[in-house]
Every structure is written in C-alpha cells, then in structure tokens.
Amino acid sequence: MSVRPEIQGQLDALDDMLAHWVARVRHPAQFWPQFERLSGEILDQCEHAENDHARACINAMLERHALRLPPWHERDDRPPPGTSGE
C-alpha cells in the first residue's frame, strides 16, 4: 500500500531535511523532539491503511541517515525524564 501524494510529499520533505539537521544539531536531544513532532504530524494525517507504509518510510529515511529511533520511541513511551522531549 502506498500513501496519498500529499502524504508522500511531506515524507519526502522530511527526508530532505534530515541531512541538514544531522549536520547542524549538536546533540540528539535537540533533534528528536523536532523530528518526533513533524513525523507525528504526518502520521496523524494518515488513514489507517497508510500508517504502516508511512512508518516504514520514516524508518527507512532514518536508516539512510544512520539514525535509530530511541528505544522509548519504538515502544511509544514518553521520553526519559530530564530530556527535552518531555
């Protein structure tokens, strides 16, 4: 299943931003909250049938940039206490 063109466009734009973010962000605590917000906004727009494909796209873009979702994200938990993602 693919996603609607507008969702794919947003995923592509997020992917394009990653290289810039990774080069400029000094600490992961600065990166993850912004990425989480933007990727979450995209996922919130997905219809149920699009969700798996969109999540796969997000995971693939992170892999291309040698990034891994923090364990708390993969479990859909809150960020650890004391992080800026609270």
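A crossing of two helices is called right-handed if the near helix is turned clockwise from the far one by less than a right angle. This convention applies to the helix pairs described below, in what is a predicted model.

The protein has four helices and zero strands, and along the sequence its elements follow the pattern α-α-α-α. Of its 86 residues, 31% count as buried. Among contacts between residues at least 6 apart in sequence, 66% join residues at least 24 apart.

Consider the pair formed by H2 (residues 28-45) and H3 (residues 48-64). Their axes come within 9 Å and cross at roughly 155°. Since angles over 145 degrees count as roughly antiparallel, H2 and H3 are therefore roughly antiparallel to each other. The crossing of H2 and H3 is right-handed in the sense defined at the outset. On the H2 side, the contact is made by Trp 32, Phe 35, Ser 39, Leu 43 and Gln 45; H3 contributes Glu 50, Asn 51, Ala 54, Arg 55, Ile 58, Met 61 and Leu 62. By character, the residues of this contact divide into seven nonpolar, three polar and two charged.

H3 also packs with H1 (residues 5-24), at an angle of about 15° and with the axes 10 Å apart. That angle makes H1 roughly parallel to H3, because angles under 35 degrees fall in that class. H1 passes H3 in a right-handed crossing. From H1, the residues in contact are Ile 7, Gln 8, Leu 11, Leu 14, Asp 15 and Leu 18. From H3, they are Glu 50, His 53, Ala 54, Cys 57, Ile 58, Met 61, Leu 62 and Arg 64. The contact of H1 with H3 divides into nine nonpolar, two polar and three charged residues. Ala 54 of H3 appears in the contact with H2 and in the contact with H1.

Cys 57, listed in the contact of H3 with H1, leads to the matter of disulfides. A disulfide is a covalent bond between the sulfur atoms of two cysteines. The criterion here is a pair of cysteine sulfur atoms within 2.5 Å, and by this rule the count comes to zero disulfides. For Cys 57, the closest cysteine sulfur is that of Cys 46, at 9.1 Å, which is too far for a bond. Seen from Cys 46, the closest cysteine sulfur is in Cys 57. Both side chains can also be placed by their accessibility. Cys 46 is buried, with a relative accessible area of 12%, and Cys 57 is buried as well, with a relative accessible area of 17%.

Key: Residues numbered from 1 in each chain as written. Predicted model: local features only at pLDDT ≥ 70, side-chain atom pairs only at ≥ 80, totals over all residues. Heavy atoms only, no water. Buried < 20%, exposed > 50% of the residue type's maximum accessible area, 1.4 Å probe, protein only. Axes fitted to C-alpha atoms, helices over the stretch in contact; angles between N-to-C directions. Helix = DSSP H or I, 4+ residues; strand = E, 2+ residues; numbered from the N terminus. Parallel < 35°, antiparallel > 145°, perpendicular 65-115°, else oblique. Contact = heavy atoms within 4.5 Å. Nonpolar A, V, L, I, M, F, W, Y, C, P; charged D, E, K, R; others polar.
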